[in-house]
Amino acid sequence: MYYVYILFSSKLDKKYIGFTSNLKERLLYHNTGKSVYTSKGIPWKLIYYEVFKSRIDAQKEEKFLK
């Protein structure tokens, strides 16, 4: 399974859109400062996600949302 997700940072008042095959692990990754792109916005809250069977479909949806 693949997930397209939207995170929100109150600190930056910004959204971040991404995709992953492990949503729980990816959220932890963003909130522990391991991502250069999101480290300044900690804490990030998951505000939306969709589930896909196909990696290609998830990538298409991510691009559409961006």
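## Histidine 30 and its surroundings

In this predicted model, histidine 30 touches several residues that lie more than four places away in sequence: Tyr5, Leu7, Tyr16, Ser35, Thr38, Ile42 and Trp44. Histidine 30 itself belongs to helix α1, which covers residues 23-31.

Is histidine 30 buried or exposed? Its relative accessible area is 0%, and a residue counts as buried when this value is under 20%. Histidine 30 is therefore classed as buried.

## The aromatic cluster

Three aromatic pairs are found in a search of the whole structure. In one pair, the ring centres of tyrosine 5 and tyrosine 16 are 6.4 Å apart, and the ring planes meet at 40°. Planes under 30 degrees apart would count as stacked and those over 60 as edge-to-face, so the pair of tyrosine 5 and tyrosine 16 is tilted.

This pair joins distant parts of the chain, since tyrosine 5 lies in strand β1 (residues 2-9) and tyrosine 16 in strand β2 (residues 14-20), 11 residues apart. Both tyrosine 5 and tyrosine 16 are buried. Ring pairs also bring in Trp44, giving a cluster of Tyr5, Tyr16 and Trp44. These three cluster members are among the contacts of histidine 30.

## A nonpolar patch on the surface

The surface carries a nonpolar patch formed by Met1, Leu46, Tyr49 and Val51. Together, these residues have about 380 Å² of accessible area.

One member of the patch, valine 51, is located in strand β3, residues 44-52. Valine 51 has a relative accessible area of 43%; because this value falls between 20% and 50%, valine 51 is partly exposed.

Methods. Residues are numbered from 1 along each chain as its sequence is written. This is a predicted model: local features need pLDDT of at least 70, side-chain atom pairs count only at pLDDT 80 or more; totals for chains, interfaces and linings use all residues. Side-chain values use heavy atoms; hydrogens and water are left out. Patches are made of residues with over 30% relative accessible area and no salt bridge: like charges are joined within 9 Å, nonpolar side chains (Val, Leu, Ile, Met, Phe, Trp, Tyr) within 5 Å. Accessible areas come from the Shrake-Rupley method with a 1.4 Å probe; for residues, only the protein chains shown count as cover. A salt bridge is a side-chain nitrogen of Lys or Arg within 4 Å of a carboxyl oxygen of Asp or Glu. Helices (H or I, at least four residues) and strands (E, at least two) are DSSP runs, numbered from the N terminus. Buried means under 20% relative accessible area, exposed over 50%, partly exposed in between (1.4 Å probe, protein chains only). Rings of Phe, Tyr and Trp (its six-membered ring) pair if their centres lie within 6.5 Å; planes under 30 degrees apart count as stacked, over 60 as edge-to-face and the rest as tilted. Contact means heavy atoms within 4.5 Å.
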